[in-house]
Amino acid sequence: MNWYLDVFKKYAVFSGRARRKEFWMFYLFNVIAIFVLALIDSALGIYPALTGIYVLAMLLPYLGVTVRRLHDTGRSGWSILFGLIPLVGGIILIVFLAGEGEQHQNAHGPNPKLAPAY
């Protein structure tokens, strides 16, 4: 849960780097929250009211952590636009996001694995 909350501390920060674990844990908690909200929406008969509000609220944190994750792999944040390519864009983006980050300091900052945990 801390990985999910850490992303909110950097709500709209698009600079720096994010570890793989930070990105994927945030993604996992979002998928779980969307699933639960969709069930609640369906039970109340108001689908997609709550789910839609949640997705809109999570848009900026998701974009921020995705850009920081791409920075960790040594890519520009603009690489997120690969996701717009039909059929293969999403696959390319997943490969970029799942790859290991650069072990040394790059143009976007120091290795987040070596940063002290608070």
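Select α2 (20–44) and show its buried residues, those with under 20% relative accessible area for a 1.4 Å probe and protein chains only: they pack against α1 (2–9), α3 and α4 (89–98). The residues to pick are E22, F23, F26, N30, L37, A38 and D41, which are buried in α2. Helices here are DSSP runs of H or I with at least four residues, numbered from the N terminus.

The model is predicted: local features need pLDDT of at least 70, side-chain atom pairs count only at pLDDT 80 or more, and totals for chains, interfaces and linings use all residues. Residues are numbered from 1 along each chain as its sequence is written, and side-chain values use heavy atoms, without hydrogens and water.

Stay with α2 and view it from the side. Its 25 residues span 36 Å from the first C-alpha to the last, close to the expected 36 Å, where the expected span is 1.5 Å times one less than the number of residues. Next, select G45, just after α2, where phi is positive at about 75°.

Now show the second largest pocket. A pocket is an open set of points on a 1 Å grid over the protein atoms alone, with protein on both sides within 12 Å along at least five of seven lines; lining residues have an atom within 4 Å of a point. Its volume is about 220 Å³, counted as the space filled by probe spheres set on the points, which are joined across faces, edges and corners. Select Y27, N30, V31, I34, Y54, V55, M58, L59, Y62 and L63 to see the lining of this pocket. Which helix gives the most to the lining of the second largest pocket? It is α3, with 6 residues. The lining has 9 nonpolar residues, 1 polar and no charged; Ala, Val, Leu, Ile, Met, Phe, Trp, Tyr, Cys and Pro count as nonpolar, Asp, Glu, Lys and Arg as charged, and the others, Gly among them, as polar.

Move on to the largest cavity, where a 1.4 Å probe fits but cannot get out. About 80 Å³ of space lies in it. Select R17, R19, R20, R69, D72, E100, G101, E102, Q103, N111, P112 and K113, the residues that line the largest cavity. By class, this lining has 1 nonpolar, 3 polar and 8 charged residues.

Finally, zoom out to the whole protein. It has 4 helices and 0 strands. Of its 118 residues, 31% count as buried. The C-alpha atoms fill a box of roughly 50 × 40 × 20 Å, taken along the principal axes.

Notes. Helices (H or I, at least four residues) and strands (E, at least two) are DSSP runs, numbered from the N terminus. Buried means under 20% relative accessible area, exposed over 50%, partly exposed in between (1.4 Å probe, protein chains only). Contact means heavy atoms within 4.5 Å.
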